[in-house]
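Open the model in your viewer and keep the sequence panel handy. We'll go stop by stop, with something to select at each one.

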Amino acid sequence: MEECVRTCEQCAATCRSCVDAMQNGSTSQCQTCAETCERCAAECDKHDNDHCRECAQTCRDCADGCREVATVNV
């Protein structure tokens, strides 16, 4: 679970940075955020816990949204 926690913390930090950038009008971090969310989802999928399953789904949803924003604003 150590790697899962580490990956989730990295994902949360990346998402916060992406939101900060978007609040300043930049979508340049959206693709990186999507990739980080996908890594987090893949890691959480390895564990059979309700919170890991919820995190994985949330990360996939976030990744989809980030990719959409990144492609719209290219």
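Before the first stop, a word on axes: they are lines fitted to C-alpha atoms, for helices over the stretch in contact, and angles run from 0 to 180 degrees between N-to-C directions. Helices here are DSSP runs (H or I, at least four residues), numbered from the N terminus. This is a predicted model, where local features need pLDDT of at least 70 and side-chain atom pairs count only at pLDDT 80 or more, while totals for chains, interfaces and linings use all residues. Residues are numbered from 1 along each chain as its sequence is written, and side-chain values use heavy atoms, with hydrogens and water left out.

**Stop 1: H1 with H3**

Select residues 2–23 for H1 and 50–72 for H3. The two pack at an angle of about 30°, and their axes are 12 Å apart. That makes H1 and H3 roughly parallel (angles under 35 degrees count as such; over 145 is roughly antiparallel, 65 to 115 roughly perpendicular, the rest oblique). Their crossing is left-handed, meaning that the near helix is turned anticlockwise from the far one by less than a right angle; clockwise would be right-handed.

Now show side chains. On the H1 side, pick Cys4, Cys8, Cys11, Cys15 and Met22; they meet Cys52, Cys55, Cys59, Cys62 and Val69 of H3. By class, this contact has 10 nonpolar, no polar and no charged residues. For the classes, Ala, Val, Leu, Ile, Met, Phe, Trp, Tyr, Cys and Pro count as nonpolar, Asp, Glu, Lys and Arg as charged, and the others, Gly among them, as polar.

**Stop 2: H1 with H2**

Add residues 30–44, which are helix H2. H1 and H2 pack at about 160°, with axes 9 Å apart, and are therefore roughly antiparallel. H1 passes H2 in a left-handed crossing.

Among the H1 residues that meet H2 are Glu3, Thr7, Gln10 and Thr14. Across from them, the H2 side includes Thr32, Thr36, Arg39 and Glu43. The residues of this contact divide into 11 nonpolar, 5 polar and 3 charged.

**Stop 3: zoom in on H1**

Which residues does threonine 7 touch, leaving aside its neighbours within four places in sequence? Select Arg39, Cys40 and Glu43: these are its contacts (heavy atoms within 4.5 Å). Threonine 7 counts as buried because its relative accessibility is 11% (buried is under 20%, exposed over 50%, partly exposed in between; 1.4 Å probe, protein chains only).

Glutamate 3 is in H1 too, but counts as partly exposed, at 40% relative accessibility. Try a distance from there to cysteine 40: the C-alpha atoms are separated by 9.7 Å, with the two positions 37 residues apart along the chain.

**Stop 4: the buried residues of H2**

Colour Cys30, Cys33, Ala34, Thr36, Cys37, Cys40, Ala41, Glu43 and Cys44, the buried residues of H2. They pack against H1 and H3. As a ruler check, H2's 15 residues should span 21 Å (1.5 Å times one less than the number of residues), and its end C-alpha atoms are 21 Å apart, which agrees.

**Stop 5: along H3**

Which residues of H3 are buried? Select Cys52, Ala56, Cys59, Ala63, Cys66 and Ala70. What covers them includes H1 and H2. The 23 residues of H3 should span 33 Å, and the end C-alpha atoms are 33 Å apart, in agreement.

Finish at glutamate 68, in H3. At 54% relative accessibility, glutamate 68 counts as exposed.
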